Structure formats: structure tokens, C-alpha cells
Amino acid sequence: MNAYLTIAEINDRYDSEWVLLDQPETDESHDVMSGQVIAHSKDRDEVYRRAVELRPRRFAILYTGEIPENAVIVL
């Protein structure tokens with residue numbers, strides 16, 4: 001089983017990648033603090049496909065790179 005990694009460790013190991021976390025730990029603001037990395041890729045769609053395939057019960061998907069200023073983010 002994968003070890004829990006902190007956000008700092010995840011950012012260091014998976015720079016500018018999409019990361020799928022199982023059982024993320026969050027703070028009171030629901031910011032992700034740590035979790036188990038179960039998939040990662042430079043390709044966002046690949047990580048989304050893995051999420052559908054694995055169907056984790058509680059998960060988070062993060063991007064560890066910089067988001068361009070002109071990007072539009074839909075939640």
C-alpha cells in the first residue's frame with residue numbers, strides 16, 4: 001500500500017503533474033494536506049480515466065504545476 005505523502009512531498013515528487021490521491025486528509029478549510037498517491041501523469045485525462053477505473057471512495061485530484069493567469073477553472 002502507498003504511504004501517505006504531504007502536499008510538499010507530492011509537489012516535490014510530481015512537479016507539474018496531475019495527481020490522484022486516495023483518502024486525502026484535509027484541514028478545516030478542506031484544503032488537501034496529505035494523501036496516498038494512486039495515479040499521476042502529465043496528462044490530465046489519463047488521471048481522470050484512472051479515477052473512473054479505480055473508483056476510489058474518497059479522493060482528490062490535484063495539479064502540482066502553475067496555473068496560467070488566463071486559465072478558467074470550473075469546479
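Trainee: How many salt bridges are there in this model, and what makes a pair count as one?

Mentor: The count comes to three. This is a predicted model, and a pair qualifies when a side-chain nitrogen of Lys or Arg is within 4 Å of a carboxyl oxygen of Asp or Glu. Side chains of opposite charge can pair when their charged atoms come close.

Trainee: Okay, why is the contact of aspartate 43 and arginine 49 called a salt bridge?

Mentor: Put the distance against the cut-off: N to O is 3.9 Å, and the rule asks for within 4 Å. An Arg nitrogen and an Asp oxygen fit the rule too, so the pair counts.

Trainee: And what makes aspartate 45 with arginine 44 qualify?

Mentor: Here N to O comes to 3.4 Å, which is again within 4 Å, so that pair is in.

Trainee: Which pair is left, and where does it lie?

Mentor: That's arginine 50 with glutamate 53, at 2.4 Å from N to O. Both lie in helix α2, residues 44-54, three residues apart, or about one turn of the helix.

Trainee: Why is glutamate 53 called exposed?

Mentor: Exposed means over 50% relative accessible area. Glutamate 53 has 55%, so the label holds.

Trainee: What about arginine 50: how do you know which class fits?

Mentor: Its value is 29%. Buried would need under 20% and exposed over 50%, so arginine 50 lands in between, as partly exposed.

Trainee: Which class do aspartate 43, aspartate 45 and arginine 44 get?

Mentor: Aspartate 43 has 34% relative accessibility and counts as partly exposed. Aspartate 45, at 36%, is partly exposed, and arginine 44, at 40%, is partly exposed as well.

Trainee: On to the strands. How do you know that β2 and β3 pair?

Mentor: Pairing needs at least two bridges. Seven bridges join β2 (residues 18-26) to β3 (residues 32-41), so they pair, and they run antiparallel. Valine 19, for instance, has histidine 40 in β3 as its bridge partner. Aspartate 22 stands opposite glutamine 36 in β3.

Trainee: What makes β1 and β3 a pair?

Mentor: Three bridges join them, against a requirement of at least two, so β1 and β3 pair, antiparallel again. In β3, serine 34 is the bridge partner of threonine 6.

Trainee: What is the strand order, and why are β1 and β4 called edge strands?

Mentor: The open sheet of four strands runs β1-β3-β2-β4, with antiparallel pairing. β1 (4-6) and β4 (59-63) each pair on one side only, and that is what earns them the name. From one strand to the next, the twist averages 50°. Helix α2 packs on the sheet, touching β2, β3 and β4, and its direction makes about 50° with that of β2.

Trainee: Anything to note in the hairpin of β2 and β3: what does histidine 30 do there?

Mentor: Histidine 30 takes a positive phi near 70°, in a hairpin with five residues between the strands.

Trainee: Last one: what makes isoleucine 67 eligible for the nonpolar surface patch?

Mentor: A patch residue needs over 30% relative accessible area. Isoleucine 67, in the segment after β4, is partly exposed at 49%, so it clears that bar. The patch is about 490 Å² and is made by Tyr63, Ile67, Ile73 and Leu75.

Terms used. Residues numbered from 1 in each chain as written. Predicted model: local features only at pLDDT ≥ 70, side-chain atom pairs only at ≥ 80, totals over all residues. Heavy atoms only, no water. Buried < 20%, exposed > 50% of the residue type's maximum accessible area, 1.4 Å probe, protein only. Axes fitted to C-alpha atoms, helices over the stretch in contact; angles between N-to-C directions. Contact = heavy atoms within 4.5 Å. Patch = residues over 30% accessible without salt bridge, like charges linked within 9 Å, V, L, I, M, F, W, Y side chains within 5 Å. Areas by Shrake-Rupley, 256 points an atom, 1.4 Å probe, with all protein chains shown as cover.
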